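The report that follows reads one model from its overall make-up down to single side chains. Please keep the sequence and the coordinates at hand while reading.

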Amino acid sequence: MNGWRGASPTARLLLVAVLLTGLTTFMFLPLLAIELTAQGIPAGRTGFLVGLLAFSSQAFSLLSGLLVDRLGPRRVMAAGFLLRIAGYVLLGLGGAGRPAPLVAGIVAVGVGGSMLGLSTKTLLVSQEGSDPRTMLALRSTFVNIGVVVGPALGALVYPLGFRYILAACVLSHLVLGIGLVSGRTAAAVPGRTAAKATGPGAAPDAAPDSAGGGPGDVTRRTLLRHWAPLAALGVAYWAIYSQLNVLLPIAANELTGSTAAISVVFTANGLLVVLFQYTLLSRVLRRATARTLLALGFLAFACAYAVLIPLAGWYSLLAFVLPVTLAEMLIGPSLDEQAVNAAALRRTGLALGTMSAAGALGSLLGSSLGGQLLQASRGGSRAWVLLVGCSLAAAAICLLLPKVRTRHA
């Protein structure tokens, strides 16, 4: 990867941290529900605890962004590592008879993950000599390596005991925390954005408040014009994408008669992202604006759900994989790129945290409405038609975003 070769030592270390924390996270996460159930915790309570982990991470994202801007990403990263290490230790001490450390551990892992994710992402997009799109594409690629490989490693280690997986999480976070916090990342400028947006829609860095339509009013109007559609797109993306975890597993089983069908979809999806996302964003589409990439991504979503309308068994399911993966590759990093471009000076953390909060709201809405949608469609195509319509509406909203390009600062 040219992006890797051209990245600074700090960026490389951050990307290695993304890879290793992703590997250990996805060793641990898919097996959490199995382990809690094996400890004798009822299924309802297990579902609540797994949901609490996701909620703790997503709900804290906005505050994490504020802390990154206020305290600096290095300090927030250190706190994130400490919280995650403490959380994994508490999970090892907790159990059916000791709920307090179990709940505290899950919350600590979730909040720590939010702080780690936003601090590393802020540092990556703030690296000298690298534009945010390249860094975000590399980060997404490394995350997806963890998504693909982590569960397989977890399955190999789990027969030895869940605590071995927790020990691997603690050890990796401890080593990475010491290396990152005490190393070159100390030189990073908190909240600095290495690339700025240019063009008629670029958000101003700062402007003093004034009455009567002064610079402050102009700034607020410009930010609102950029952030209102961007936040709406963040909610829409995660509401649509969440159907891969809500509607699709049930539909895949009904379409194919195989419970393994959804695993085929997720494995193919992860491999395609790992193999092609960086090349697609940093080379093939490097001259396209983030607005264009977002529109193309939502159109790809529409195509993906459209192929499910005929209910053609494995044919529909396999045809679904390519456009839905294309949508994921284009939309996720482009939302963050737009957020970085729209961020005021020294507010990169808050901008990225806002997008994470929009994603949390979208996931909640999508998960809540997905089951009801499937029940209302009674196995028909109504759900897919509605999702096609939502995807096309989101593609139209993309046109409301300012057309901005990114240049190196």
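Two residues are said to be in contact here when heavy atoms of theirs lie within 4.5 Å of each other. The model is a predicted one, and the values below are computed from it.

**Overall make-up**

The secondary structure of the protein consists of 15 helices and 2 strands. Of its 409 residues, 51% count as buried, and the accessible surface comes to about 17,500 Å², with 68% of that area belonging to carbon and sulfur atoms. When contacts between residues at least 6 apart in sequence are considered, 83% of them join residues at least 24 apart.

**The nonpolar cores**

The largest nonpolar core has 45 residues, and those with the most contacts inside it are Phe-298, Phe-301 and Tyr-305. The elements that give two or more residues to this core are α9 (215-241), α10 (247-256), α11 (261-284), α12 (290-306), α13 (314-342), α14 (348-377) and α15 (382-398). Among these contributors, α13 supplies the largest share, with 9 residues.

What does Tyr-305 touch, once its neighbours within four places in sequence are left aside? Its contacts are Ile-240, Gln-243, Leu-244, Phe-320, Trp-384, Leu-387 and Val-388. Apart from the largest core lies another one, of 27 residues, and Leu-19, Phe-81, Leu-180 and Met-329 are among its members.

**Two long helices**

The helices α2 and α13 can be set side by side.

| Helix | Residues in helix | First to last C-alpha | Expected at 1.5 Å a residue |
|---|---|---|---|
| α2 | 30 residues | 43 Å | 44 Å |
| α13 | 29 residues | 42 Å | 42 Å |

Helix α2, which covers residues 9-38, has a kink of about 45° centred on Leu-32, although its end-to-end reach is close to the expected value. Just after α2, Gly-40 takes a positive phi of about 95°.

Helix α13 bends by about 25° at Val-321, and a proline, Pro-323, follows within four residues. Because 22 of its 29 residues are buried, α13 is largely enclosed by the rest of the structure.

**Salt bridges that involve α13**

Side chains of opposite charge can pair when their charged atoms come close. The count of salt bridges in this model comes to 2.

In one of them, the side chains of Asp-336 and Lys-121 meet at 2.9 Å, N to O. The pair links distant parts of the chain, with Asp-336 in helix α13 and Lys-121 in helix α6 (residues 99-125), 215 residues apart. Are these two residues buried or exposed? Both Asp-336 and Lys-121 are buried.

In the other, the side chains of Arg-133 and Glu-337 meet, again with an N to O value of 2.9 Å. Here too distant parts of the chain are linked, since Arg-133 lies in helix α7 (residues 132-157) and Glu-337 in helix α13, 204 residues apart. Arg-133 is buried, and Glu-337 is buried as well.

**A buried glutamine**

Gln-277 has its place in helix α11. Why does Gln-277 count as buried? Its relative accessibility is 1%, and the cut-off for being buried is under 20%, so the residue falls within that class. Leaving aside neighbours within four places in sequence, Gln-277 is in contact with Ala-137, Ser-140, Thr-141, Leu-272, Glu-328, Met-329 and Pro-333. One of these partners, Met-329, is also among the members of the 27-residue core.

Notes:
Residues are numbered from 1 along each chain as its sequence is written. This is a predicted model: local features need pLDDT of at least 70, side-chain atom pairs count only at pLDDT 80 or more; totals for chains, interfaces and linings use all residues. Side-chain values use heavy atoms; hydrogens and water are left out. A nonpolar core is a set of buried Ala, Val, Leu, Ile, Met, Phe, Trp, Tyr and Cys residues joined through side-chain atoms within 4.5 Å. Buried means under 20% relative accessible area, exposed over 50%, partly exposed in between (1.4 Å probe, protein chains only). Accessible areas come from the Shrake-Rupley method with a 1.4 Å probe; for residues, only the protein chains shown count as cover. A salt bridge is a side-chain nitrogen of Lys or Arg within 4 Å of a carboxyl oxygen of Asp or Glu. The expected span of a helix is 1.5 Å times one less than its number of residues. The bend at a residue is the angle between axes fitted to the seven residues ending there and the seven starting there.
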